[in-house]
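Could you walk me through a few spots inside this protein? I would like a short, friendly briefing, grouped by topic.

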Amino acid sequence: MKRDLDAIRAILQALEDQGDVRGINAKHVEGYDADVVNYNAALLIEAGFVHGSVSRTIGKSSPAPVHARQMTWNGHELHDAIRSPEIFQKVKDAFAATGSWSFAALLSVAQGIIAKLATKAAGLE
């Protein structure tokens, strides 16, 4: 299974929308198959963007069920960087041109776009 940037953004948004530490699972993320949500939420937990737990089941071939409790500081940074649909699309277009991406590059590119837009909006360009 591959990382899905759209699913990652949807998971982070669902966590923010939940608004408390009860957290979310696959049923809280609309428009995505449970396996896609579980896989990408597990990656967010593993990368330190989300606090949560993964229910590992021996012999199960699909991604294990995940319970994501809340975003970490870095999770909020990531979500804030890709919250805007326009910025998110620019980031996705940039990565489509390269054929690959990483979380570090995602943050760097998104923050670069945000800085450029903020500089322009402040009349500093």
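In this predicted model, Asn-38 is buried, because its relative accessible area is 8%, and the cut-off for buried is under 20%. Asn-38 belongs to helix α2, and this residue also helps to line the largest cavity.

**Around Asn-38**
- Setting aside neighbours within four places in sequence, Asn-38 is in contact with Ala-26, Pro-63, Ala-64, Pro-65 and Val-66.
- Two of these partners, Ala-26 and Val-66, appear with Asn-38 in the lining of the largest cavity.

**The cavity**
- Rolling a probe the size of a water molecule over the atoms reveals where empty space remains.
- One cavity of 30 Å³ or more is counted here.
- The largest cavity holds about 50 Å³ of space.
- Its lining is made up of Ile-11, Ile-24, Asn-25, Ala-26, Val-37, Asn-38, Ala-41, Val-66 and Ala-68.
- Helix α2 (34–46) and strand β2 each supply at least two residues of that lining.
- The largest share, three residues, comes from α2.
- By type, the lining of the largest cavity has seven nonpolar residues, two polar ones and no charged ones.

**Thr-72, in a loop**
- Thr-72 sits in the loop between β2 (66–71) and α3 (73–82).
- With a relative accessible area of 13%, Thr-72 is buried, since that value falls under 20%.
- Apart from neighbours within four places in sequence, Thr-72 is in contact with Gly-48, Phe-49, Val-50 and His-51.

Conventions:
Residues are numbered from 1 along each chain as its sequence is written. This is a predicted model: local features need pLDDT of at least 70, side-chain atom pairs count only at pLDDT 80 or more; totals for chains, interfaces and linings use all residues. Side-chain values use heavy atoms; hydrogens and water are left out. Helices (H or I, at least four residues) and strands (E, at least two) are DSSP runs, numbered from the N terminus. Buried means under 20% relative accessible area, exposed over 50%, partly exposed in between (1.4 Å probe, protein chains only). Contact means heavy atoms within 4.5 Å. On a 1 Å grid over the protein atoms alone, a cavity is a set of points where a 1.4 Å probe fits but cannot get out, and a pocket is an open set with protein on both sides within 12 Å along at least five of seven lines; lining residues have an atom within 4 Å of a point. Grid points are joined across faces, edges and corners, and a volume is the space filled by probe spheres set on the points. Ala, Val, Leu, Ile, Met, Phe, Trp, Tyr, Cys and Pro count as nonpolar, Asp, Glu, Lys and Arg as charged, and the others, Gly among them, as polar.
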